[in-house]
Amino acid sequence: MSLRRSVIIGCGAYLPSKVVTNADLARDLDTSDEWIVQRTGIHERRIAAPGEMTSHLAAHAARAALAHAHVDAQSIDLIVLATSTPDNTFPASAVSVQADLGITHGAAFDVQAVCSGFVYALATADGLLKSGAFSRALVIGSETFSRILDWTDRSTCVLFGDGAGAVVLDAQEQPGTREDRGILTVRLRSDGRYKSKLYVDGGPSSTGTVGHLRMEGREVFRHAVTMITDVVADALKATAYTVDDIDWFIPHQANKRIIDGSAHKLGITPAKIVITLDRHGNTSAASIPLALADAVADRRIKRGDLLMLEAMGGGFTWGAALLRW
Ligand code: ACO
């Protein structure tokens, strides 16, 4: 029996041009390249230019994804943008992208699940495409975390970067077999008891300010590997695939030690892990589509490959998506 599935038909990335290395940070901050690389695996990150906003980054990535998919913007009837750093409190940054692309039909909205945002956005778009309500979506992760960092706090500001990644998700009838292309399952989780472990100390309804990112790094670290491995195992169980079937592991890029710890616990070999953290830092909701676009651009990922995407972040939120390219 055939099944309507959401198939990724193109992906794209955009990074601001300004590169900030660990050595650059160490000029004004009591930190070092050695400390940052050893604790996180990050060497450098990109920082958006003054006036360059989340929706601008997103629109660049969206155009690259449309070009890669060889489809016109007018064929898009749904835009789901994952971000925790929108241009404004409202409207959603997704509608700015919609206007930028000249689209006046369909729907566009933002999803906020911090670093898990892209997996949440993918799940949302997948559900809407499968329902038959929409036929082709842009799913975007775009962030300007540089705007919510306390640049005097060395324990957080060295970790993050700005960027955007996007995919075009197309509703297609698949044979309904093990070999189907597209999203095979998405598993989402959250636990609000941990909301104070990683948060922004401002907002329209609390302080009336934008605020700065605050984090208990060790607490995040302590939970990350367990939460990630649990939800990945859940996704495998739901599809009856095993870890050996995975061709590419595309984790949220928060910290090399979290990625390695999760992969080790799951039994995924290092050669199958896509890493962009060294060059991008943690770009929150943008990190997975940025890593995906990287491995597609250099032709590591090939048609038919099985991909496991996973993320964990503020909330805590976490999730995993299994898909065939
Ligand atoms: N440079 C130099 N020293 C630093 C820096 C820095 N940038 N930051 C902190 N230190 C110091 C601390 O002040 C502390 O000094 P002290 O011992 O004199 O008090 C020492 O380093 C150790 O600090 P810890 O916070 O205990 O360092 P830890 O080994 O836990 O590493 C880190 C910190 C990298 C944040 C780690 O906890 C971590 O990776 N946590 C996961 C959090 C994460 O990646 N969050 C990203 C967002 S969430 C997500 O995307 C999943």
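Helices (H or I, at least four residues) and strands (E, at least two) are DSSP runs, numbered from the N terminus. The model is predicted, so local features need pLDDT of at least 70 and side-chain atom pairs count only at pLDDT 80 or more, while totals for chains, interfaces and linings use all residues. Residues are numbered from 1 along each chain as its sequence is written, and side-chain values use heavy atoms, with hydrogens and water left out.

**Exercise 1. Find the backbone exceptions.**

Task: Locate the cis peptide bond that joins Phe90 and Pro91, the one from Gly315 to Phe316, and the positive phi of Ala240.

Solution.
- Step 1: Recall that most residues other than glycine have a negative phi, and most peptide bonds are trans.
- Step 2: Between Phe90 and Pro91, omega is about 5 degrees; Pro91 sits in the loop between β4 (78–82) and α4 (93–100).
- Step 3: From Gly315 to Phe316, omega is near -10 degrees, and Phe316 belongs to the loop between β12 (306–313) and β13 (317–324).
- Step 4: Ala240 has a phi near 60 degrees and is found in the loop between α7 and β11 (248–251).

**Exercise 2. Describe the shell around the ligand.**

Task: Work out which helices and domains supply the residues around the ligand.

Solution.
- Step 1: The ligand has 23 residues around it (a heavy atom within 4 Å); Thr31, Arg39, Arg218, His252 and Asn255 come nearest.
- Step 2: At least two shell residues come from each of α2 (33–40), α6 (154–157), α7 (217–239) and α8 (256–266). With four residues, α7 gives the most.
- Step 3: Domain 1 (3–174) and domain 2 (182–324) each contribute at least three residues to the shell; the bounds come from an automatic or database domain assignment.
- Step 4: By class, the shell holds 11 nonpolar, seven polar and five charged residues.

**Exercise 3. Look at the polar contacts and the burial.**

Task: Which side chains place an N or O atom 2.8 Å from a ligand oxygen, and how much of the ligand does the protein bury?

Solution.
- Step 1: Apply the cut-off for a polar contact, a pair of N or O atoms within 3.5 Å.
- Step 2: Arg154 has such a side-chain atom 2.8 Å from a ligand oxygen, and His252 has one at 2.8 Å.
- Step 3: For Asn282, a polar side-chain atom lies 3.0 Å from an oxygen of the ligand.
- Step 4: Alone, the ligand exposes 1000 Å² (Shrake-Rupley method, 1.4 Å probe), and the protein buries 76% of that.

Key
A polar contact is a pair of N or O atoms within 3.5 Å; within protein, one must be able to donate a hydrogen and the other to accept it, and residues adjacent in sequence count only if both atoms are side-chain atoms. Ala, Val, Leu, Ile, Met, Phe, Trp, Tyr, Cys and Pro count as nonpolar, Asp, Glu, Lys and Arg as charged, and the others, Gly among them, as polar.
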